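Student: Please take me closely through one part of this model, the stretch of sheet that seems to sit in its interior, and go on to the empty space beside it. I would also like to know how far the prediction can be trusted before we begin.

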Amino acid sequence: MQKFDALDQNIDALSAPGHVPTRLINIFTGQIKTIQNDTTKRYVIASYLWNPDRFSNTSEHYSGLFNDISQAPTFDDWFRLTCLMHPNIIQAVDAEERELHRLHCPSEVPEGLSREYLREIFLLVAREALLMGLEHVWIDSICINQADPEDVAHEIPKLSDYYRNAACCVAVSEALRRRYATDKGPPQDDTESEPRSYQAWRRIITWMKGYHAKRVWVFQETYLATKVVVRARNIRIDANELLKTSDSVSPHARTLLSITSDEFPVSLPISDWHRPMSPELCLQYCRKRERAFLHDNIYGILGLFPHKIRHSLPVDYQLSPGIILAIFAYLRVRNGDLSALLTLQHESYERDDPGLGVSWLPRGFGWQPRDIFGVMSHAELLPHVDPKGILHMSMYCLEVEKVESVRFSSIAAEHEDLNIEFHLMPRYAKLFPRRPPQTEIYHIGGILEPSYSGRGPTFFGPPTLRQQIANKEREERQTFLNRKAKKRQGEVVLATFGEQSWSYDNVPNWWFWLLLATNDEGKTWRRFGIAISHEVNTGSIARKRFSIR
């Protein structure tokens, strides 16, 4: 917290140029050189899977076409077709082979990587540097001392700058390494329903994204880079050029690209509906990716967050993941990112309680509606976090009359001329019109569930121990909230602080609500759940100041 306060007051540090790598590899000598803030050094950076042998050829790990096979006998035929149809995107780079004798791989091999695989990664990155006329590359397994926790902690906050400032990021395609293609060869002419150019373009996309979604770290690596090239063997794919071409290939091309953008090594942030790729959305995209430690759910995407958060969050794998999450959520809210308030516990994720008494800081690794892409708080709410970690802000609020079930967000809220019942559906109901009291129940598409909401994974069979604990906690929350609501009016409320920062197809922006309860007559409040609604008429709702523990 002291680091955050110091950075908050240090304007020069926030406006300073981004960090250059501490170390770089000279591709001609294989030596690792320490760089003393030399911003003139240009370099190519690597993005690849550690331990690729862990990933099978099944659909559990491979996200290509359903009828793809590895080591396909038709691979070379498909490659020739893609080069013929889209020479500006994909090429064979055999000319570089004559220069391989000039390239020298470092002798250091970190634990967990084979020397052969590391040499393959180095040569792919070094060949791209050679093509660009550069002599330095950066590979995390070599340029960060993986055996030194202090060096790891020093380097992880800087990765955002390393990838943003790189001349190019080389994403190593595991699908190309394994020669994925269909058993059936490519078409010989355009007599089929899909023209050859589109089939070739789809094949290129499949090669690019094949295993990319399987490691959490590679998401930020290719997301942050300004230029991304996908390489394996003697094949080079220009990801930036593919994005420029996508709209002209076919009407389906952009759709294919957008619906898989969370799995895709591209430098331009895109996703379905052209919605913004907020850090919150990226956190959701990366939640199911492979990682060596639970901490990497945060560290592996830390580069997408502001400078103050990156350099204030402790990088310490000896600390509890729950503690790291609590500090991370606190720093985000302290920095004005109120979407961190919407993270809740889910029984399908590991429990790691950061401490008793925490309400607005989530327990465990949390969960939230998949529909949250970026929250924009209301300009008049003026949020502030004090040094004690209490959040103070004004919010529009509704007094809760009764909580019927926290599983499917069925709760009744009453305030002045409104009588509202929160339910999961319908999603696009219009809300809060001015009307006489007690005339109708309005259904609000929403969620009020710190555990299983009906939108998460489907579970079969008897409940696990974790689910049994969650069910017991759910009943206890419901009993507690109803007792509070019945005992004294206004001790349980729904308070809203902001709306979704984007809209689609004329659907109103979505508003997010916190279910709060007080134990000290309104001096401080604890968070017990969240809800979603649409089209809020704030003119008919009260507003008050809350202090949330």
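Tutor: A contact here is a pair of heavy atoms within 4.5 Å, and pLDDT is the predictor's confidence in each residue, from 0 to 100. With those terms in hand, note that this is a predicted model, whose chain averages a pLDDT of 75, with 69% of the residues scoring at least 70. Over residues 269–273 the pLDDT stays under 50, and the model has 17 contacts beyond four places in sequence for this stretch. Residues 363–367 likewise have a pLDDT below 50, with 32 contacts in the model beyond near neighbours in sequence. Among the elements, confidence is lowest in strand S16 (residues 442–445), with a mean of 36, and highest in strand S6 (residues 136–138), with a mean of 97.

The part to examine is strand S7, residues 168–172. Five of its five residues are buried, so S7 is largely enclosed by the rest of the structure. In a regular strand, side chains alternate between the two faces of the sheet. In S7, Cys168, Val170 and Val172 lie on one side, Cys169 and Ala171 lie on the other, and all of them are buried, which leaves both faces of the strand covered.

Two parallel partners are paired with S7. Strand S3 (residues 44–47) runs parallel to S7 and is joined to it by four bridges; in this pairing, Ala171 is the bridge partner of Ser47. Strand S9 (residues 228–232) is also parallel to S7, again over four bridges, and here Val172 stands opposite Arg231.

Following S9 onward leads to a change of direction. S9 and strand S10 form a hairpin with two residues between them, and Arg233 in the turn has a positive phi of about 55°. The two strands pair in the antiparallel sense over four bridges, with Arg231 of S9 finding its bridge partner in Arg236. Arg231 is therefore a useful residue to follow by eye: it stands opposite Val172 in one pairing and is partnered with Arg236 in the other.S10 (residues 235–238) also has both faces covered, since Ile235 and Ile237 on one side and Arg236 and Asp238 on the other are all buried. Beyond it, strand S5 (residues 90–92) runs antiparallel to S10 and is joined to it by three bridges, with Gln91 standing opposite Arg236.

Now for the empty space. The structure holds six cavities of 30 Å³ or more, and the second largest has a volume of about 110 Å³. Of the 17 residues that line this second largest cavity, Val172, Ser173, Glu174, Tyr211 and His212 lie nearest its centre. The elements that give two or more residues to the lining are S7, helix H8 (174–177) and helix H9 (196–209), and H9 gives the most, with three. By class, the lining of this cavity divides into eleven nonpolar, four polar and two charged residues. Val172 thus belongs to several parts of the account: it is buried on one side of S7, stands opposite Arg231 in S9, and is among the residues nearest the centre of the second largest cavity.

Note on methods
Residues numbered from 1 in each chain as written. Predicted model: local features only at pLDDT ≥ 70, side-chain atom pairs only at ≥ 80, totals over all residues. Heavy atoms only, no water. Buried < 20%, exposed > 50% of the residue type's maximum accessible area, 1.4 Å probe, protein only. Pairing = 2+ DSSP bridges. 1 Å grid on protein atoms, 1.4 Å probe; cavity = no way out; pocket = protein on both sides within 12 Å on 5 of 7 lines; lining within 4 Å. Points joined across faces, edges and corners; volume = space filled by probe spheres on them. Nonpolar A, V, L, I, M, F, W, Y, C, P; charged D, E, K, R; others polar.
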